[in-house]
Amino acid sequence: MKSIIKKLTETFGPSGFEKSVRNVIRKEIRDHVDSIKSDKLGNLIAHIKGKGTKVMLASHMDEIGVVTSYIDKNGFIRFSNVGGFFPVHSLTSRIIFENGRIGVIGEERRKSMSDPVEMTKLYIDIGARDRKEAEKLVPIGTFGCYERGFEDIGKRIVAKALDDRIGCAVLIEVAKRLKRKVKNDTYLVFTVQEEVGLKGARTSAFGIDPDIALAVDVTATGDTPEAKKMAVKLGAGAAIKIKDWGIVCDPKIVETLIRIARRNKIPYQFEILERGTTGATVIQLTKGGIPSAAVSIPSRYIHSASEIVDMDDVEAAVKLIVKFLKTDQGGLKNNR
Ligand code: CO
Ligand code: ZN
């Protein structure tokens, strides 16, 4: 799985510019599903035909990024955020633009080092000598994202965009292991523009109209020095979301996930995330309402160029979802 995770995380894909990621996924998953198509917004929808309950799984293809907004006479570029871009994580990071041009994030002199790092004080230095040269290389309105290689550090891996390419990798691996044998009508959906407002999950859910849905995305952890108190930790298993900023997960789906994990001895932990949410939040509110929940992969340093996840948690998430789809979930589509 690591080689596909490397490929996915090293691919360019800020919100709205998921094309390269979509192409990587389409190639990887094509032979393992009954049909695959992309819709008008760019969501990639893979279908494994099955009888009974229509289940939608959603991982997002996009990553956080930047968009250039102003160039000064010396060729320094000001920019706006695309999604939850954290200025404090960004200093001297490398940014890559769609045409391959690299830049470095610099900061105006701070009066005191204890002052916060502010977005308006940051700029991108692409090595241009003046405005004219910069405008030619990276015109205003150019999208970029972090440039950072994947690193395999044993059980754990480091990369940018593990949010949510790790979810995409999980769904690809799920398709491979299912070998088209499912007990539910299964839709694996790779969504666009999650980081700017959960857009693709909303529209694809409307189009598919599933009976139930699961988002697969990263969640935060409480296992680093002086971290906010949170029970999730790296290596303790797939995180079954109970609640986050945007959703109270469907209790019946949560109960089912727990039962499957216990029965199959799949390591799991409970997630209550105070800030942040996933596509499940908008899928739940689609049409007449779709019972939704989420399986999360714990990640440190989310929305930085160096996110860390544990491969044991990734494996647990894959196993849990495979078992979920190989079990008839007819009971979950009834009225509550
Ligand atoms: Co995110
Ligand atoms: Zn995410």
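# Close-up views of a predicted model

**View 1. Val-158 of one strand meets Ile-308 of another.** In strand S17, Ile-308 is the bridge partner of Val-158. This is a predicted model, and the pair is a friendly place to start looking around it. Val-158 brings us to strand S11, residues 156-159, which pairs with S17 in the antiparallel sense over four bridges. These strands belong to an open sheet of three, ordered S10-S11-S17, with antiparallel pairing. The edges are taken by strand S10 (151-153) and strand S17 (307-310), each of which pairs on one side only. From one strand to the next, the twist averages 25°.

**View 2. Eight strands make up an open sheet.** Following the sheet from one edge to the other, you meet S1, S2, S12, S3, S13, S16, S14 and S15 in that order, and the pairing is mixed. Strand S1 (35-38) and strand S15 (268-272) stand at the edges with a single partner strand each, so one side of each is left without a neighbour in the sheet. Direction ignored, neighbouring strands of this sheet are turned by 25° against each other on average. As you trace the strands, keep one general habit in mind: in a regular strand, the side chains alternate between the two faces of the sheet.

**View 3. Strands S2 and S12 pair within the eight-stranded sheet.** Here we move in on S2 (residues 44-48) and S12 (residues 185-191), whose pairing is antiparallel and runs over five bridges. Which residue of S12 is the bridge partner of Ile-45? It is Val-189.

**View 4. Strand S4 has partners in S5 and S9.** Is strand S4 (residues 65-71) largely enclosed or largely open? Five of its seven residues are buried, so S4 is largely enclosed by the rest of the structure. With strand S5 (residues 77-82), S4 forms an antiparallel pair over six bridges, and Val-67 has Ser-80 of S5 as its bridge partner. The hairpin of S4 and S5 has five residues between the strands, and in it Gly-75 takes a positive phi near 90°. S4 also pairs with strand S9 (residues 143-146), again in the antiparallel sense, over two bridges. In that pairing, Val-66 has Gly-144 of S9 as its bridge partner.

**View 5. The largest pocket is lined by residues from two domains.** As a general point, rolling a probe the size of a water molecule over the atoms shows where empty space is left. The largest pocket holds about 1000 Å³ of space. It is lined by 31 residues, and those closest to its centre are Phe-86, Leu-273, Arg-275, Gly-276 and Ile-302. Which strand gives the most to this lining? Strand S13 (residues 212-219) does, with three residues. Domain 1 (2-63 + 160-332) and domain 2 (65-146) each supply at least three residues to the lining. Sorted by class, the lining of the largest pocket has 11 nonpolar, 11 polar and nine charged residues.

**View 6. The second largest pocket has eight charged residues in its lining.** About 150 Å³ of space lies in this second largest pocket. Its lining is made of Glu-107, Glu-108, Arg-109, Arg-110, Lys-111, Asp-115, Pro-116, Glu-118 and Lys-121. How many of these are charged, polar or nonpolar? Eight are charged, one is nonpolar and none is polar.

**View 7. A cis peptide bond joins Asp-163 to Asp-164.** For this bond, omega is near 5°. Asp-164 lies in helix H5, which covers residues 162-178. Follow the chain on from H5 and you come to the loop between H5 and S12, which is where Arg-180 sits. Although Arg-180 is not a glycine, its phi is positive, at about 60°. Is Arg-180 buried or partly exposed? Its relative accessible area is 39%, so Arg-180 counts as partly exposed.

**View 8. Lys-287 is another non-glycine residue with a positive phi.** Its phi is about 45°. Look for Lys-287 in the loop between helix H8 (280-283) and strand S16 (292-298). With a relative accessible area of 43%, Lys-287 is partly exposed.

Definitions and conventions. Residues numbered from 1 in each chain as written. Chains lettered and ligands numbered in written order. Predicted model: local features only at pLDDT ≥ 70, side-chain atom pairs only at ≥ 80, totals over all residues. Heavy atoms only, no water. Pairing = 2+ DSSP bridges. Axes fitted to C-alpha atoms, helices over the stretch in contact; angles between N-to-C directions. Buried < 20%, exposed > 50% of the residue type's maximum accessible area, 1.4 Å probe, protein only. 1 Å grid on protein atoms, 1.4 Å probe; cavity = no way out; pocket = protein on both sides within 12 Å on 5 of 7 lines; lining within 4 Å. Points joined across faces, edges and corners; volume = space filled by probe spheres on them. Nonpolar A, V, L, I, M, F, W, Y, C, P; charged D, E, K, R; others polar. Domains from an automatic or database assignment.
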